[in-house]
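Reader: I would like to practise reading a strand in its surroundings, and then move outward to the sheet and the ligand. Could you walk me through it?

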Amino acid sequence: MTLKRIETGIPGLDELLGGGFPRGRSVLLTGGAGTGKSIFGIQFLYNGITQFEENGILVTLEESAEIIRENMKIFGWNLKKLEEENRLVIIDAAPIRYKSFLDGKDKYKLAIKPHPILGEREFGIQDITSLIHEYRRKIDAKRLVFDSLTTLLLQHSDLFAIRQDILTLVKTLKISDMSSILIAESPTENEIGRFGVEPFLAEGVIILYMLRRGNTRIRALDIQKMRGTAHSMDSTLFRITNEGIIVYPGEKVFRDDQ
Ligand SMILES: Nc1ncnc2c1ncn2[C@@H]1O[C@H](COP(=O)(O)OP(=O)(O)OP(=O)(O)O)[C@@H](O)[C@H]1O
Ligand SMILES: [Mg+2]
């Protein structure tokens, strides 16, 4: 049985993946701050809708929906229009980070801003997964991006709760039959995710990073794993342009003797 694929439509990337992501699975997209994770995710959704007639859901716990709509205009992506056409849904769960002085302790807490449907309360994984199910049915979504796992998991202090949340999310996505990108922040080049468990729960892992080249920095990506398929093992150069991300297969990041 051959693996069914889902094309990302990101120029150059599907070639590296042997045709695209495995369909119906979750891929972890990780990297440091500003490496292009959110743009990558939104481009995957935008291409799905505009090139492959596959509707999409963006769950954002990072930037608000308003800021995302505004920021994506530079790439010519009119998200508002796709939302109005019921081809895209943005679940805006962007939390407000505030400093709490409870018990005289100076600690950071994650609070969730009032949600139009859910009102003002804690916004947990169960709330998010039920919204995902609801919107998937409503717009027949085939793709989903979750930005980011890190923000969701920062609410927890123990590894058990973290694993539970990831498993709940992965299970939801599996039964929903959507192809998903889960975004996770990586604090350093050598770590994948922050909690050590993220890569084991996804079917594939893509790492975005930046490298110093003389006086400037270049962007590169590695496909660290993609279950069930052969894929490129090369570190590959990419750029963020006014048309979004462009990947350059064959453009080596390191010399062979490095
Ligand atoms: N039009 C553009 N042309 C070139 N580069 C751009 C353009 N727009 C944004 N960028 C680059 O993309 C970066 C932001 O990408 P993105 O928001 O996807 O990163 P991220 O990995 O999600 O970051 P974070 O960890 O902060 O969420 C900017 O820092 C900038 O370098
Ligand atoms: Mg981001």
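Author: Gladly, and keep in mind that this is a predicted model. In a regular strand, side chains alternate between the two faces of the sheet. In β3, Ser-26, Leu-28 and Thr-30 lie on one side and are buried, and Val-27, Leu-29 and Gly-31 on the other side are buried too, so both faces are covered.

Reader: Why is β3 described as largely enclosed by the rest of the structure?

Author: Because six of the six residues in β3 (residues 26-31) are buried. The cut-off for that word is 20 or more other C-beta atoms within 10 Å of a residue's own.

Reader: Which strands pair with β3, and in what sense?

Author: The general idea first: strands of a sheet pair through backbone hydrogen bonds, either parallel or antiparallel. Here β3 runs parallel to β9 (residues 179-185), with six bridges between them, and parallel to β10 (residues 204-213), with five bridges. Leu-28 is a handy place to look: its bridge partner in β9 is Leu-182, while in β10 it stands opposite Val-205.

Reader: What is the strand order of the whole sheet?

Author: The sheet is open and has nine strands, in the order β5-β4-β8-β9-β3-β10-β11-β12-β13, with mixed pairing. At the edges are β5 (88-92) and β13 (244-252), each of which pairs on one side only. From one strand to the next, the twist averages 25 degrees.

Reader: Which helix packs on the sheet, touching β4, β5 and β8?

Author: That is α5 (residues 125-139), whose direction makes about 160 degrees with that of β4. Two of the strands it touches, β4 and β8, are themselves paired: β4 (residues 55-60) and β8 (residues 141-147) run parallel over six bridges. To find the register, start from Asn-55, whose bridge partner in β8 is Ala-141.

Reader: Now the ligand. How many residues surround ligand 1, and which are the closest?

Author: With a ligand, a good habit is to list the neighbours and then see which elements they come from. Ligand 1 is surrounded by 14 residues, the closest being Gly-34, Lys-37, Ser-38, Ile-39 and Ile-240. Both α2 (37-52) and β12 (236-241) supply at least two residues of this shell, and α2 gives the most, with three.

Reader: What is the make-up of that shell by class?

Author: Around ligand 1 there are seven polar, four nonpolar and three charged residues. As for the sheet, β12 sits between β11 and β13 in the strand order, so you can trace your way from the ligand shell back to β3.

Notes. Residues are numbered from 1 along each chain as its sequence is written. Chains are lettered from A and ligands numbered from 1 in the order in which they are written. This is a predicted model: local features need pLDDT of at least 70, side-chain atom pairs count only at pLDDT 80 or more; totals for chains, interfaces and linings use all residues. A residue is near a molecule or strand if its C-beta atom, placed from the backbone, lies within 6 Å of it. Helices (H or I, at least four residues) and strands (E, at least two) are DSSP runs, numbered from the N terminus. Ala, Val, Leu, Ile, Met, Phe, Trp, Tyr, Cys and Pro count as nonpolar, Asp, Glu, Lys and Arg as charged, and the others, Gly among them, as polar. Two strands pair if DSSP finds at least two bridges between them. Axes are lines fitted to C-alpha atoms, for helices over the stretch in contact, and angles run from 0 to 180 degrees between N-to-C directions. Two residues are in contact if their C-beta atoms, placed from the backbone, lie within 7 Å. A residue is buried if 20 or more other C-beta atoms lie within 10 Å of its own, exposed if 12 or fewer, and partly exposed in between; C-beta atoms are placed from the backbone.
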